[in-house]
Number of protein chains: 2
Amino acid sequence: MEFKRLSILGVGLLGGSIGLAVKKIASGGETVGYGHRTSTLESAIRLGAIDRSTTSAAEAVGGADLVVLCTPVGTFRSLLQEIAKSLRPGAIVTDVGSTKRSVVRFAEELLPGSVHFVGSHPMAGSEKRGVEFAKADLFNGALCIVTPTARTNPGALAKVENFWAELGMRTKRLSPDDHDRLICDVSHLPHAVAASLVAMQSDEALELAGKGFQDTTRVAAGDAGLWRDILKDNADSVRSSIARLRIQLDELEKRLDPKQAQALFDWLQAAADKRSRQ
Amino acid sequence: MEFKRLSILGVGLLGGSIGLAVKKIASGGETVGYGHRTSTLESAIRLGAIDRSTTSAAEAVGGADLVVLCTPVGTFRSLLQEIAKSLRPGAIVTDVGSTKRSVVRFAEELLPGSVHFVGSHPMAGSEKRGVEFAKADLFNGALCIVTPTARTNPGALAKVENFWAELGMRTKRLSPDDHDRLICDVSHLPHAVAASLVAMQSDEALELAGKGFQDTTRVAAGDAGLWRDILKDNADSVRSSIARLRIQLDELEKRLDPKQAQALFDWLQAAADKRSRQ
């Protein structure tokens, strides 16, 4: 582990899991956790996810080699403002947010030139929330997207990639724009659609729901605050993804015509083949 | 087991599982399987799902107390025509189709008055297909909807309900109309949406897909022929369900406006609460 002093801002499912994973692979370092609920911070210490805690973000980052923003996407701007002056020169800041354009922009605007920011999106988690669900192997085998820009320090980028790799992740570089556009299609849109599928149901229909419905809508149980932030922050991509989904629904509806049975089969078969390759 | 002589028309995942379940609870009876592929029929005998087989549906139903149609929905009309004259007086016919209006109508048109039809939809299965995936406990704990009409024989209805109960299912009565409308919302629409979500993806985006996408689109890997039949047969319901889904997508899009953050949260929270109660 390259980083001796780690600061985790927000010790929920992701932040807590990072703490537990680091504890497993590193020795001699220290992990400081920040949060605004002391009960959460106490749980995080009890579970071994962090060594000590503070309810001041500025205090949490003092002297840190690596700071990981693990609070909801909507808090990143004010959090970066709060920590900007307390970061030591050479400190590296990254995050676990599900959108990347905004946090990269905020970091480039708000952090001093002596501090290096690298946007990250470790694609792990669940519809559960809270440090009680944190586990050291949450990231194992999953993908972490890092989103460097022309202004990203290459050394800091390599160190952040190495950090995620040490937690068991594969890493992939994408621009913040490409990240937000592509992740919208495979994550933000599925969430929006799952929530819409739930929202439209009558109690009468829900009583009949089976395993297919449960699978298709599982993500809709996720934390509303987190998802409000994500969908709001990535609103233009969400609109574009919904528009492209609507085109497929149009295609399907056209093929419901009795004369289009073969075309309906072909469309379903193509989707089944594509899904089976996943 | 009330029925001594059982005829399973179509020995795939569902038909095979019925055979295995019956074998487990009944003794002294005989199960005859019909299919058009001898290799499937041989597998079904080898796996113990049926006692003997034939590639003639008319032959398969001769002398049967209970006939269960387990072929795709789109084949029911011709299958009923094929067996109508070979059924013994007093025989009971049911099915496992995912749509109910059409099969009930075909049965009432095509079967002689001496034969009793009761529509059934045992809500079990998976995206897998084939008798190799059949298992005796597939139906255990699941819901079976039966769809009597004014013309349904009450004694036959009770016997069919009892048959599914013996296989471990809860049963519920719905009219064919209500069945097709409600099941569309919780099953046919989720399939249509999952397939649309897969169809719209670029390879670039699919490379980044995680567990949420996998869950949301799992059903899209299902058999295209089966689903073509279902969606085609229930086209009016599918159109109505899609229209109501589009209204929720409109709602969501409205709430992507930065000024609507609270309304977006409320909408997501309501969906999360509703889903969590499932």
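Let me begin with a term: a residue is called buried when its relative accessible area is under 20%, exposed when that value is over 50%, and partly exposed in between. A:Glu204, with a relative accessible area of 40%, is therefore partly exposed. Please keep in mind throughout that what we are looking at is a predicted model.

I will stay with A:Glu204 for a moment, since its side chain meets that of B:Arg181 in a salt bridge, at 3.9 Å from N to O. B:Arg181 lies in helix H7 of chain B, covering residues 176-199, while A:Glu204 lies in helix H8 of chain A, so this pair joins two chains. B:Arg181 is partly exposed as well, at a relative accessible area of 36%.

That brings me to the contact between the chains as a whole. How many salt bridges are there between chain A and chain B? The count is ten, and one pairing across the two chains is A:Arg246 with B:Asp250, whose closest N and O atoms are 2.7 Å apart. Between the two chains there are also 20 residue pairs in polar contact, counted where both residues have pLDDT 80 or more. On the chain A side, several elements each supply at least two residues, among them strand E8 (143-146), helix H7 (176-199) and helix H12 (261-276). The largest share of that side, 15 residues, comes from H7 of chain A, and by class the side holds 42 nonpolar, 16 polar and 17 charged residues.

As for extent, the size of an interface is often given as the accessible area lost when the parts come together. Here the area buried between chain A and chain B is about 7200 Å², and carbon and sulfur atoms give 66% of it. In chain A, the residues that lose the most area to chain B are A:Met200, A:Leu208 and A:Arg275, which together make up 11% of what that side buries. The contact takes 75 residues from chain A and 75 residues from chain B.

One residue that shows both chains meeting is A:Phe213, which sits in helix H9 of chain A and is buried, with a relative accessible area of 1%. Leaving out residues up to four places away in sequence, A:Phe213 touches A:Leu197, A:Val198, A:Gln201 and A:Leu206, and from the other chain B:Val186 and B:Pro190. A:Phe213 and A:Leu197 are 16 residues apart in sequence, with their C-alpha atoms 9.0 Å apart in space.

Turning to salt bridges more widely, the structure holds 48 over all chains. In one of them, A:Arg101 pairs with A:Asp236, the closest N and O atoms being 2.8 Å apart. Because A:Arg101 lies in helix H5 and A:Asp236 in helix H11 of chain A, the pair ties together parts that are 135 residues apart in sequence. Both partners are partly exposed, A:Arg101 at 21% and A:Asp236 at 46%.

Finally, which disulfides does a search of the whole structure find? The search finds zero over all chains. For B:Cys144, the nearest cysteine sulfur is that of B:Cys70, 11 Å away, whereas a disulfide needs the sulfur atoms within 2.5 Å, so B:Cys144 is in no disulfide. B:Cys144 is buried, at a relative accessible area of 0%. B:Cys184 is likewise in no disulfide, with the sulfur of B:Cys144 the nearest at 19 Å, and B:Cys184 counts as buried at 0% relative accessibility.

Methods. Residues are numbered from 1 along each chain as its sequence is written. Chains are lettered from A and ligands numbered from 1 in the order in which they are written. This is a predicted model: local features need pLDDT of at least 70, side-chain atom pairs count only at pLDDT 80 or more; totals for chains, interfaces and linings use all residues. Side-chain values use heavy atoms; hydrogens and water are left out. Buried means under 20% relative accessible area, exposed over 50%, partly exposed in between (1.4 Å probe, protein chains only). Contact means heavy atoms within 4.5 Å. Buried area is the accessible area (1.4 Å probe) that two parts lose on being put together, summed over both. A salt bridge is a side-chain nitrogen of Lys or Arg within 4 Å of a carboxyl oxygen of Asp or Glu. A polar contact is a pair of N or O atoms within 3.5 Å; within protein, one must be able to donate a hydrogen and the other to accept it, and residues adjacent in sequence count only if both atoms are side-chain atoms. Helices (H or I, at least four residues) and strands (E, at least two) are DSSP runs, numbered from the N terminus. Ala, Val, Leu, Ile, Met, Phe, Trp, Tyr, Cys and Pro count as nonpolar, Asp, Glu, Lys and Arg as charged, and the others, Gly among them, as polar.
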